[in-house]
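User: I am new to this structure and should like to learn how its features are read. Please guide me through them one at a time.
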Amino acid sequence: MHHFHYKDGRLHCEDVSLDAIADEVGTPVYVYSSATLRRHARVIATAFEGMDCLIAYSVKANGNLGVLKTLAAEGCGADVVSGGELLRARKAGIPASKIVFSGVGKTRAEMRLALEEGIHQFNVESAAEVEVLSEVASALGQTAEVAVRVNPDVAAGGHPNISTGKAGDKFGVPWDDAETLYARIARLEGVEAVGVDVHIGSQIDVIAPMRAAFERVVSLVKRLREQGNDIRRIDLGGGLGIPYRTWDNPPPPDEYAAMIREVTEGLGVQVILEPGRVIAGNAGVLVTEALFTKPSPKRTFLIVDAGMNDLMRPALYQAHHDILPLRERPDSADQISYDVVGPICESTDKFAAERNLPVIQSGDRLAFMSAGAYGAVLSSQYNARPLAAEVLVDGDRYAIVRRRPTFDEMVALEATPDWLT
Ligand code: LLP
């Protein structure tokens, strides 16, 4: 469910016409719906009501401060994977006590920052990381509460590039090594094992692999407790898929929650969840303007002013994003099969191949739907293109939450060596 709909023939975000935003802010521009963000946060919170549950929104999906503040006001915590994300979450007002720090490669400086902030939990991914965390925490006179991210050897996820839970993946501690690592942690200063963590992939559209992974985690919790570990939390990661196409049918949050309730029944743990895409994905679109059409012997190219630097997902994962014209067309309108491409000098700069769309003229605007997660956060200034602006809508009002940088700002961090002046 989202709040992007046609009203009076114009595509709106809530009560604001996307054309009005593009007129003021220009294109390409990301537009986010507060109502959709809130709705998704509430649907998840409601699904887990009555359980001891921390919903730690995965900041990597969309770390814009406006988005984070909106979710902070809904009571969300944060799952962060860098010092930068941690500072973003804190700046947005998310209490440190609701922040978990994931990721395979934390630096000592990042560990120190997180300890000084007083975060809820470190999700550790290797014996080497545990040793370093032990050193850093001990030096500060602190004890870091940790959960070991285990690799349950379960395949899941919408694309091989976003599957993380198989034995050959870089993520998590190999299943058979987990108990030894917990025993090691018990002997180390500065670290205390309080939980078990798992995250098997993203854009998962079936319950079964999640259930299989979570059941393995529960069995591990029981064994670890028998071995004397006081395991009181399980972190089940993110990964719940969203509908990118109208016919996609990922499990609804209440089905996901019912499965988790069943699997964790009687275990007496706090359940931590790290949803990213399911909260932010359908809460954002990328608005672009058609520049030219170019018929060629095999294809008709529609060249737009957004590029793969603005929205990487199609280039990285062959991801599908619905494309809607900002001006509604009748269902009976003539259609053309377009290859929708950007201006970047790369063949992978293609948003859609052979996509049937109504006839598009130069100057028409289009929205790439479901671009709220892993959209702006993955963007770059490749080809010296400024980052797209970001706008947050709330009812009938909107605000620019990240403006497009000027050329001077884009080169401001560069310096000319004296031999070139
Ligand atoms: N927790 C951990 C440890 C993760 O690695 C991720 C995502 C999440 C939570 C949030 O997963 P979600 O609920 O959003 O599925 N760029 C890719 C997705 C990469 C996901 C990386 N990890 C894409 O655009 O599809």
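User: Between which domains does the ligand lie, and why is it placed there?

Analyst: This is a predicted model, in which local features need pLDDT of at least 70, side-chain atom pairs count only at pLDDT 80 or more, and totals for chains, interfaces and linings use all residues. Residues are numbered from 1 along each chain as its sequence is written, and side-chain values use heavy atoms, with hydrogens and water left out. Domain bounds come from an automatic or database domain assignment. Here, domain 1 (4–31 + 281–410) and domain 2 (103–273) both contribute residues to the shell around the ligand, so the ligand lies between them.

User: Which residues come nearest to the ligand, and how is the shell divided by class?

Analyst: A residue is near a molecule if one of its heavy atoms lies within 4 Å of it. There are 18 residues around the ligand, and S202, E274, R313, Y317 and Y374 come nearest. For classes, Ala, Val, Leu, Ile, Met, Phe, Trp, Tyr, Cys and Pro count as nonpolar, Asp, Glu, Lys and Arg as charged, and the others, Gly among them, as polar. The shell contains five nonpolar, seven polar and six charged residues.

User: What distances separate oxygen atoms of the ligand from polar atoms of G239, R277 and H199?

Analyst: A polar contact is a pair of N or O atoms within 3.5 Å; within protein, one must be able to donate a hydrogen and the other to accept it, and residues adjacent in sequence count only if both atoms are side-chain atoms. For G239, a backbone N or O atom lies 2.8 Å from a ligand oxygen atom. A polar backbone atom of R277 is 2.8 Å from an oxygen atom of the ligand, while for H199 a side-chain N or O atom is 3.5 Å from a ligand oxygen. The ligand taken alone exposes 580 Å², of which the protein buries 91%; such areas come from the Shrake-Rupley method with a 1.4 Å probe, and for residues only the protein chains shown count as cover.

User: How many aromatic pairs are found in the whole structure?

Analyst: A pair of aromatic rings is described by the distance of the centres and the angle of the planes. Rings of Phe, Tyr and Trp (its six-membered ring) pair if their centres lie within 6.5 Å; planes under 30 degrees apart count as stacked, over 60 as edge-to-face and the rest as tilted. The search finds four pairs. In one of them, the ring centres of Y30 and Y32 are 6.2 Å apart with planes at 25°, so this pair is stacked. F48 and Y256 form an edge-to-face pair, with 6.1 Å from centre to centre and 80° between the planes. F48 is in the loop between helix 2 (34–47) and strand 5 (53–58), and Y256 is in helix 9 (residues 253–264), 208 residues apart. Helices (H or I, at least four residues) and strands (E, at least two) are DSSP runs, numbered from the N terminus.

User: Is Y256 buried or exposed?

Analyst: Buried means under 20% relative accessible area, exposed over 50%, and partly exposed in between (1.4 Å probe, protein chains only). Y256 has 6%, so it is buried, and F48 is also buried at 2%.

User: Where is Q318 found, and what is the sign of its phi angle?

Analyst: Q318 is in the loop between helix 11 (313–317) and strand 16 (323–325). Its phi is near 50°, a positive value in a residue other than glycine. Q318 is exposed, with a relative accessible area of 59%.
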